[in-house]
Amino acid sequence: MKKVIVTLICTVCICGLSYSQSITQTVKGTVKDLTTGEPTIGANIVLIDSEPLIGTIVDFEGNFIMEDVPVGRQSFKVSMLGYETLLINDILVSSGKQVVLNIELQEQVTNLAEVMLVPKRQRDKPINKLASVSSRQFTVEETNRYAGGLDDPARLASSFAGVASPSTKSNGISIRGNSPAGLLWRIEGVEIPSPNHFADLNIVGTGALTALSSHVMSNSDFYTGAFPAEYGNATSGVFDINMRCGNTTEREHTFQAGILGLDFASEGPFKKGNNATYLFNYRYATLALIGSLLPDDAGILKYQDLSYKIKIPTEKSGTFSLWGIGAYDSVDTEALDMEEWESQEDRERSQLSQYLFASGLNHKIAVGSKSFLNSTLAFSGRGLSFNEQYLDDNLSESEVSNARKDSYKLTLQSSLRTYFSDKHYNQTGVYINSLGYNLNINDTQTANSTLENIIDEKGQSLHFQLYSQSRFKISPKFTLNTGFHAQYFQLNKEVTFEPRVAISYKLNNKNDLALAYGLHSRMESLETYFIQDEFGKQPNKDLKLMKSNHLVLSYNSTPFKNIRLAIEPYYQSLNNIPVSPDSYVSTLNVEDNLFFNEVLISKGTGRNVGIDFTLEHYLRKGLYYLFTASVFDSKYTANDGIERNTRYNKNFVMNALIGKEWQVGEHKNNTLNANVRFNYLGGNRVEAIDLPSSINNQDVVYGETNGAISFSKRHRNTPITSFSLSYRKNKPKHASIWSIQVFNSGLAEEFDKDIFNTSKQAVEQEYSAIMIPSFSYKIEF
């Protein structure tokens, strides 16, 4: 009996001891040559400060697995003879999901007699090897961590230098005074429609929230000017989003419930021991819970989205992957009660539904020992159905507008990457796009007039793109990136040739200079080309592609450990801007794209000049901060020869972001995270109002009368404060995360819209304050 009691006591003690031990996780991934992409067989990966030492080596396929890594922030050292040693700091290791690191090593360029440098992984450095200026990498972890981001990469981007959101209601990206419509969105290398819910409703190129969950995103690139030759059909910037692959060894799941909706993700191998993997994410949400915090006319917003990626590697035929996203949105608004009527908008009700999709089949294969072929066949599109009714004094209903817009694109693209030597790398590619459209848009001039057809068009057109760019490493200090992008648009039969060139100079181990120039062009939205004039003709079909010349000087420095300083002055010259023949109207300033009805000519010009500042402290020992400031001036000249401010010429944008992380609990297994963000933005520009016409129409009519010049004044500046708190609790088999995010916690007011008050017979400016709280619980298992 004594032996049995002793055995039981020992068993309980051992069980208790094993439970109190530090929780661990597996870290795995690949290590490849930065230049060739070949596996660095035999490279060593070591967990820094581990005792006893935890480490592993890379196998013949370039893979590694490191087990029993304690949860929390961990740092790793990667080394191999002939390569620069790499330090990867402060990777979050959690019990809920295995950590996957895709590492690239740079060949050592110093002589053996010299002291070998030990560089840290530059977390801001873009993934694209051909980028030189105005570019940075953003990570999924930043999307989840940064205050004010709401797990939305577009809102996260507004904390970067040179970027401003047009309003708190949207996640739009206005770069250096440009319209959000000038941004190119790509997923898995394919141009897609703006991947946002309720896109283009308030401001062209914007939405309310992203349609792509952070659960399926991988590290991606963001550009604010003078971008590489592979990017075309964009004049302001590029958001190049990558999707990650599912776990190759374990099936993992994530479930999240919050005030904004439900979210479920799953990933893993189709079959254990097989490298074919799946990853999918589904979200459903309704904003009814925060309806009281939204504008009165917002209605109840409902949306859902699905994203997925399937990867199938083969031994001899390369790697295939099938990916896609899809989203559906709807919102119905109701007229106010009669006693509350002050403007025509108060009498209106509407029904809206939207969809978007993009899906592609990708194939990657090595061609010989130095070339890699990457090809994709993709199908994407978007659609909208909108109906609006007006109630008269007798509560009789009449239709005032309806629109149906469906567009799709079939894309075949292919690129060849060739590593001629360690001094010459080239990427050449082609895009073939077949654009289809079915557009029918009807509107009224006033609430009491009859419907008039604005656009009624169905058909298709072709859009071809070709590019080539090379990187020449002239010396250890000099690097030259040069190439071109060419386009042909069948609708207006225009051909463009766009040179791109950049040179980088390494001053020393801490300081770099770069100078870049690029010519970029962009087509307008398809419906703009089919607007009819009073004779039923379509004069906008002759619009040329808008062109933008970017010139950027970049200075990057790492004056202290874990700190980066960047300064970028720039100049942007625009021409072929579509403008009205006899007014100030330009596509640069369009907000309401749904019923835009202007005859245009390509005779406008413009220029943007400014300077961006960034001071960033990378996350280290739980602390990080990011300070950015942009001072700029954005102007355009219409056909009347008058130079005006663009609508988005805020003149300045400032951001301050700071966060702290603590490892808490027994064995420091859990993580507490606090983040604060402060934005201070110049106000958007004031558009002139034609008061006599507004009184005549009993609705707001914009126009320059009595010498007024549109956009000469700004609305008041906007200070926005946001914060987030999260607590991650790691258990042996799962992790749970409680979080609260509050955007615009200070309820800062900003200009919303102009309204015509029918009782006062006057135009009034309406300001609103929108606070978006997000409370959620997530479990990873």
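**A colleague's note on the strands, loops and backbone**

1. Let's start with the open sheet: it has 5 strands in the order β8-β15-β16-β11-β12, and the pairing is mixed. Its edge strands, each paired on one side only, are β8 (135-138) and β12 (190-191). Please keep in mind as you read on that this is a predicted model.

2. Within that sheet, have a look at how β11 and β16 meet. Residues 183-187 form β11 and residues 237-243 form β16, and the two strands pair in the parallel sense over 5 bridges. If you would like one pair to display, R186 has D240 in β16 as its bridge partner.

3. Now follow the chain to E188, which lies in the loop between β11 and β12. This residue is not a glycine, yet its phi is positive, at about 55°. Is E188 buried or exposed? Its relative accessibility is 17%, and the cut-off for buried is under 20%, so E188 counts as buried.

4. Q761 makes a good companion to that point. Its phi is near 50°, again a positive value in a residue other than glycine. The residue is found in the loop between β39 (750-757) and β40 (762-768). With a relative accessibility of 33%, Q761 counts as partly exposed. As background for both points, most residues other than glycine have a negative phi.

5. Another backbone feature deserves a check by eye: the peptide bond between E51 and P52 is cis, with omega about 0°. You will find P52 in the loop between β2 (44-47) and β3 (55-57). For context, most peptide bonds are trans.

6. Next come the strands β23, β24 and β25. Strand β23 (residues 371-391) runs antiparallel to strand β24 (residues 397-421), and 21 bridges join them. Together β23 and β24 form a hairpin with 5 residues between them, and in the turn L395 has a positive phi of about 65°.

7. On to the partner of β24 in the following hairpin. Strand β25 (residues 424-443) is joined to β24 by 20 bridges, and these strands are antiparallel as well. Here the hairpin has 2 residues between its strands.

8. Which residue links these two pairings in a way that is easy to trace? Try Q413 in β24, the bridge partner of T376. Q413 also stands opposite Y431 in β25. Selecting T376 and Q413, then Q413 and Y431, gives you a handy path across the strands.

9. For the surface, I would point to a patch of negative charge where D337, E339, E340 and E342 gather. One of these residues, E339, has its place in the loop between β21 (319-333) and β22 (348-367). How accessible is E339? Its relative accessible area is 67%, while exposed means over 50%, so E339 is exposed.

10. Finally, a word on K477, found in the loop between β26 (452-473) and β27 (478-489). The relative accessible area of K477 is 40%, which makes it partly exposed. In sequence K477 and N508 are 31 residues apart, and in space they are 8.3 Å apart from C-alpha to C-alpha.

Note on methods. Residues numbered from 1 in each chain as written. Predicted model: local features only at pLDDT ≥ 70, side-chain atom pairs only at ≥ 80, totals over all residues. Heavy atoms only, no water. Patch = residues over 30% accessible without salt bridge, like charges linked within 9 Å, V, L, I, M, F, W, Y side chains within 5 Å. Areas by Shrake-Rupley, 256 points an atom, 1.4 Å probe, with all protein chains shown as cover. Salt bridge = Lys/Arg side-chain N within 4 Å of Asp/Glu carboxyl O. Lys, Arg positive; Asp, Glu negative; His and termini not counted. Charge placed at Lys NZ, Arg CZ, Asp CG, Glu CD. Helix = DSSP H or I, 4+ residues; strand = E, 2+ residues; numbered from the N terminus. Buried < 20%, exposed > 50% of the residue type's maximum accessible area, 1.4 Å probe, protein only. Pairing = 2+ DSSP bridges.
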